[in-house]
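The following exercises concern helix geometry and packing in a protein chain. Each task is followed by a solution worked in steps.

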Amino acid sequence: MMSRKMKSQLKAITLSTACLCAITLPTINIALAHSDHKLDNTDAVSMTKKVDKSQSANNHPVRVTPSKQNLSANVSPYIAYSQPNIAITNVNLIDGTGAKVSRQQTVLMQEGVITKIASSKEVTNLDNFTVIDGQGKTLIPGLVMMHEHMFYPTGNAHYTEMLHSFPKLYLAGGATTVRTAGTTSPYGDLNVRDAILANQTIGPDMEVTAPYLNGPGLPIVKLKALRDEENARAMMSYWISEGVTSYKAYMQIRTNELEAVIDEAHKRDHKVTAHLCSITYREAAELGIDNLEHGFFAATDFVQDKQKDVCPGKAGHQSLVDLDINSKQVDDLIAFLVDKGVALTSTLTVYETFTKGRPKAYPLALEALILQVREQYEQRWLKISQQDDEQATWPIVFKKMMQLERKFVEAGGLLMAGTDPTGYGGVVAGFSNQRMIELLHEAGFTAEQAIEIATLNGAKYLERDQQIGSIEVGKRADVVLIDGDLSTDISAIQHMPYVFKQGIGYDTQSIIADNKAVVGLH
């Protein structure tokens, strides 16, 4: 029987052969087409089209390639560029591979595909191209965000669906692909995914995760508690039949239930992630889990005398307060996770909200909130900011967890990025994508490394790195134009006037303006 790893390799071979902060609009120089000159991009275009068609094999509907003719009235008002041939010239390029920034580059996009990347000095004939002058700007790949939700906390342990605002805001914040790491409205997520693919609305590509797979004990009324292992298998089978492609175990899940979830997913070459508490990271890795959420914030491996299948509550946090991050126990766990091929998703954005001394959400993010949820957030933020120093343990943990994420990467681990718009609020779709890049940089990663974590690493995990995740010839034209030099000023990430998804350029300022005082409502 073919192993799961071999299946993944075969899938990759098949694909490769088949093929927000104030946002300001910069001055753009446009040169319209005046000749019949056109690059030979037949191979690159056909490669991407073949990869898109293969999505149907994983329960995805087939993508409708966007064009002026098939974009709905819900999409058109936000489009700044829909020309088939676009050149971005003289730009600083951070390509998503981790390579150092390249200066004065020209990137050509034709029919939604990247067809040429070269020094601007070498690209002289741009007849038949719409030209965007990228002087003083930075081009990065579209973000691939791996812990996102289509809901927002609205108080009293209630989470309200944001199926109208969040897809748009994610796109405006640079995300062209997201994984929903758990859902309280699975049919809503699936239908929004399909509407985006059919160009009926705007948003990132969505990898939809099933409803949370959790044991009993969590006081959130929208979440089901699994009864036993067989119930876990039945729930998996149903949501697989409905078209989800990802699964998330949650805090109170028990070992036999997690083992069943992983088994059912791997039978179909699907992957499982988890926000754990009752089960340790090492135990989950031994069971074959693919991904663990929240970096090391959710690890209960360091709790003394932890009971099996029992979430240790406050003792879990205290163990991180007391943790020696340079201990052999830590090094051994990191090495074990890397050896088992377990990816970690960093979600520094949500844990920052619990940490005294950290800034409020961006002003534009606060403007996106309805008054009631904005007041709830600001009152809680103020209370945290007034904590006594002895009471404030989150600053200790926050710093340590940043360091552990860096150690994990240095040991060869695959670190991805997500935002997790939960907690008590303040983590708002789109704006928090940008904040995540700033926090990764604060954690010690270079701008280039931070972009790789938030782009290509996620694409690799999704097994879509032949199509998305980096700026390379033949890949889909999912790119973000940033006003400023990101390699020298990480805060420039807050200023992204245009996001291109499959070669269509969206005006982020228009999207944000249409979604003020909406989050918390719909």
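**Exercise 1. Burial along a helix**

Task: state which residues of α6 are buried.

Solution. The buried residues of α6 are Thr255, Glu257, Leu258, Ala260, Val261, Ile262, Glu264, Ala265 and His266. For context, the model is a predicted one, and 60% of the 522 residues of its chain count as buried. The accessible surface of the chain comes to about 19900 Å², with 50% of this belonging to carbon and sulfur atoms.

**Exercise 2. Length of the helix**

Task: determine what span is expected for helix α6 and compare it with the model.

Solution. Helix α6 covers residues 255–267, which is 13 residues. The expected span is 1.5 Å times one less than the number of residues. For α6 this should give 18 Å, and the end C-alpha atoms are 18 Å apart, so the two values agree. Just after α6, Asp269 adopts a positive phi of about 60 degrees.

**Exercise 3. Packing of two helices**

Task: classify the arrangement of α5 and α6 from the angle between their axes.

Solution. Helix α5 comprises residues 229–242, and its axis comes within 8 Å of that of α6, crossing at roughly 30 degrees. Angles under 35 degrees count as roughly parallel; α5 and α6 are therefore roughly parallel to each other. Their crossing is right-handed. On the α5 side, the contact is made by Glu229, Ala232, Arg233, Met236 and Ile240. The α6 side contributes Asn256, Glu257, Ala260, Val261, Asp263, Glu264, Ala265 and Lys267. Among these contact residues of α6, Glu257, Ala260, Val261, Glu264 and Ala265 are buried.

Conventions. Residues are numbered from 1 along each chain as its sequence is written. This is a predicted model: local features need pLDDT of at least 70, side-chain atom pairs count only at pLDDT 80 or more; totals for chains, interfaces and linings use all residues. Side-chain values use heavy atoms; hydrogens and water are left out. Buried means under 20% relative accessible area, exposed over 50%, partly exposed in between (1.4 Å probe, protein chains only). Accessible areas come from the Shrake-Rupley method with a 1.4 Å probe; for residues, only the protein chains shown count as cover. Helices (H or I, at least four residues) and strands (E, at least two) are DSSP runs, numbered from the N terminus. Axes are lines fitted to C-alpha atoms, for helices over the stretch in contact, and angles run from 0 to 180 degrees between N-to-C directions. Angles under 35 degrees count as roughly parallel, over 145 as roughly antiparallel, 65 to 115 as roughly perpendicular and the rest as oblique. A crossing is left-handed if the near helix is turned anticlockwise from the far one by less than a right angle, and right-handed if clockwise. Contact means heavy atoms within 4.5 Å.
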